[in-house]
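Colleague: Could you take a close look at the enclosed spaces in this model, one of them in particular, and then set beside it what you find where two of the chains meet?

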Amino acid sequence: MIEPVEIVVVGAGPGGLSAALAAAHAGAQVTLIDSNRQPGGQYFRQPANELHGEPSRHQREGQALWQQVQSAGVRFWAETTVWGATTEKILSLNGKDVPGTIQAQAIVLATGTFERTSAFPGWTLPGVMTAGAAQTLLKEQRILPGKKILLVGTGPLQLVLAAELVRAGAQVVAVLEGAPIFRNGARHLSALWRQWERIAEGANSWLTLASHRIPYRMGWGIVSASGNQQVERATIARLDDTWRPVAGSEEQIACDTILLGYGFIPFHALAQWLGAIMTWQPELGGDIPVRDSNMQTSVPGIYAVGDGAGVGGAALALVEGEIAGIAAAAQTGHQTGRAAQRIRSLAPALAREQQFQKMYAALFTPGAGLYALGNNETILCRCEEITLAQVRRAIALGATTIKEIKSITRVGMGDCQGRMCSHLIANVIARETGQSVNQVGMLRPRPPLFPTPITAIARTPSEQMEVAHP
Amino acid sequence: MSRIEDSSRFRRGQPVTIVVDGERVPAYRGKTIAGALLATGHRAWRRTRHGQPRGLFCGIGVCFDCTVTVNGTTNVRACLTPIADGMIVETGIPMEHQP
Amino acid sequence: MNASRKMNAPVVIIGGGIVGCAAAYYLSKSGVQVTLLERSVLGDEASGRNGGGVRQQCRDRRERGLAMASVRLWQELQATLEPDIEYRQGGNIRLATDEKRLSDLRCQSEEELQDGLPVEMWDQSELRRRAPYLAEIFLGAKYCASDGMANPLLVSRALGWAAQRSGARILTHTEAFQIEIQGRQVTSVLAKDAQGEFVIETPQVIHAGGPWTPHLSQTLGVVVPIVPARSSLAITQRMPRLFDEFVSSHDLGVYARQAREGQIHIGRSVSEPGETFDQTTPLPTIEKLARGAAQMIPALRGSNFLRTWTGTLENTPDGIAIISAVDGIAGYLIAAGFSGHGFCLGPIAGKLLSEWLVEGEPSMSLREFRLARFQK
């Protein structure tokens, strides 16, 4: 049984909430799906239900938006994962009390991102984690990730996170910004026009760090981590323009936690399965769907918004979501006369956020050196524990494509389905075989989107499996 | 690891107990398994097939590094799974693998 | 046509699947300087997307001898190829849920024993004892201990790269688009790669293009009755070691094997209807795989699917391969249409093709596999 739905929005972060709200306001029946327990995504991430207390500004904004979404009559399916999708706009779901398969008239993808990582010696030690992990612990769990924390990566989110950690009582030993912002930043200043909130948040974070005398080092990055069973220290170094460590500049820092914040990779599998034409845009995170000014992909009725359609931050996601919500509702027959005008009225906001997105991309896209930190023993694929040496051996045997390397070494075949390592492997192959990353390509995602219980896929509870014949 | 909800701004969830590898671990409702483990000083709770320690990495359910066995179900992501009173968590390798 | 790009080869193999790679491997070992053209990478299609079963039992009698001979080659290849192709003889269990199926299996076992293939019939209690991991719905099974499995992702590549080390020219990302003849003799193959089109002058072509064979053979006016069909598989996350056999049930429509690394591969043991080159995995098929697997092996009810994929089968009207010369065209051998049996038969097909060219005739009769059987 395939349940028909009008508009489905996948992902309840800023872009998805905004799309759901706009479509519902236009009069459409909207179903919003998220794999988390609560709506909000990473930006608006709420404290776990059972933890009561004073929410942060982002959490209050998120709550307000969520209240609007609820009063607009949007149906929300929490803890529901979309594990499959086809070009007929059919989605397979895994969740409690939700249909197994739905078919939508229009789909808005707001699937967000996951974090880009770097494979340096020691990066698999407990205590090395993504900035997003620390942020989630802080926002949702009210837990600090460690006691002596080193932040490495790029972008202003690092500053914000460091300040939050400090305010929560952590010792932040340093914040390393890989990009040489002062060298490249000046020509992007115009993009900051009317970005007061961001500037204020940045300045505020900066003041917090300054008042705690926390070093913020621009053009520095991690080289390796070490410790017995968990992180005890990091080796850091000054980086050249391609983000390669400058020999002789290394320093050691004692820490128990290293947070990696090297930017984001769009979650694009659903767009691909739904038939959208993709484009390789490394400065926006990698493979993203091609879209028109209504946020519609190459497939009529499939829209994509937010970071998952090109990293650009929550403010851009909110605008894109609104546009897609209006357009999707118009497509299913709601307020068709007003849609174009309403979308046009959002053009200035969109342009402003896109300009910021460009600046962000120009300043904070890691250089190739980030992928050259590993030595032969460094693990590239965390799941299957495949080292750089094993990948090199496969190349020596005759493999030149990511597909071949995968089949010989098993990189990307583990439980994360290649999400953590695909870009690392592609960069290594590109470097070792003299191709571009785009030529090498990424591993193609295959359903299910996440490891999914057989009983959920079969849509048959275990106790009903005893039937003799299919 | 440090808890910050102890500060007056936050109130903890109801106290519960989970059992991790036979050891009773106090926790508070609202925590994930990873949260409960980190809050009690556990940082590495999985061993890979090659014996390497792993703990929380991506924190959002993508990397599958933090998996544990919960009430007999293997491959459960500790970072996403909320705790429940009496939950039995096993951190060992769910299967000894011999190539 | 860019005349400056021209090469020569005594033998051109078209298709870098297991059959083409095995032919390249055995020809190179015999000192023949082959050139192999593959439009993608080696083993990228059905050869790398199948269930990995290397099975002699439950075969059409016409190809049983080939399967048995191929298993002897598999044993040698396991000992010599690099990377390790993970071939092992864990046995094959063919299950029955009803008396009809069981009696069919029993009849077949008599024929197989006559042909020298050791198989056993298991009744329900023997099945329980030998394969306690299976659901209790099965009445019995036929078992062949010398059957087994290998890793499809590795075999074609290992064969191709070994051939390369013995002097074969392996051109990947290179697509043959025309075969030319003069009089009744093959003279050249036209191909294209990233640099454009070029000519390979050759008196001898082995055409092992899988389901795409008919497209190219048409440039010679040769009609090859092969139709494409979809074949989908799923794999679980790693599980504790549950079983060594390759098990299949036509009644449930699934087969399963546990890979060396612990994941369980599940495929459809019955072919999906419809002629298609589409390689997306239909969601209803994934559901069937999940249901069938969980019904066959109860322990899988607690497992997760990690990944699914689909390959394209090359089916002939009578379900066995075409390994054949073509009347009226000298220098053209076809080895295609393996109808889902190409993985097991690949090594022997490659070896016989090599003997055909090196010694003038193959050491086993290929009479049953002639193309002409369809032209009556």
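Modeller: In this predicted model, the count of cavities of 30 Å³ or more comes to nine, and the one I would dwell on is the second largest cavity, whose volume is about 130 Å³. Its lining is made up of 14 residues, of which A:R116, A:E283, A:V311, A:Y360 and A:F364 are the closest to the centre of the cavity. Taken by class, that lining has eight nonpolar residues, together with four polar and two charged ones. Among the elements of chain A, helix 10, which runs over residues 347–364, gives the most to the lining of this second largest cavity, with four residues.

Turning to the place where chain B meets chain C, the contact draws five residues from chain B and seven residues from chain C. The size of an interface is often given as the accessible area lost when the parts come together; here chain B and chain C bury about 630 Å² between them, with 50% of that area on carbon and sulfur atoms. One salt bridge is found across the interface of chain B and chain C, and it joins B:R49 to C:E261, with the closest N and O atoms 3.1 Å apart. On the side of chain B that touches chain C, the residues divide by class into two nonpolar, two polar and one charged. Across this interface of chain B and chain C there are also two residue pairs in polar contact, counted with both residues at pLDDT 80 or more.

Conventions. Residues numbered from 1 in each chain as written. Chains lettered and ligands numbered in written order. Predicted model: local features only at pLDDT ≥ 70, side-chain atom pairs only at ≥ 80, totals over all residues. Heavy atoms only, no water. Contact = heavy atoms within 4.5 Å. Buried area = accessible area lost by both parts, 1.4 Å probe. Salt bridge = Lys/Arg side-chain N within 4 Å of Asp/Glu carboxyl O. Polar contact = N/O pair within 3.5 Å; in protein donor to acceptor, adjacent residues only side chain to side chain. Nonpolar A, V, L, I, M, F, W, Y, C, P; charged D, E, K, R; others polar. 1 Å grid on protein atoms, 1.4 Å probe; cavity = no way out; pocket = protein on both sides within 12 Å on 5 of 7 lines; lining within 4 Å. Points joined across faces, edges and corners; volume = space filled by probe spheres on them. Helix = DSSP H or I, 4+ residues; strand = E, 2+ residues; numbered from the N terminus.
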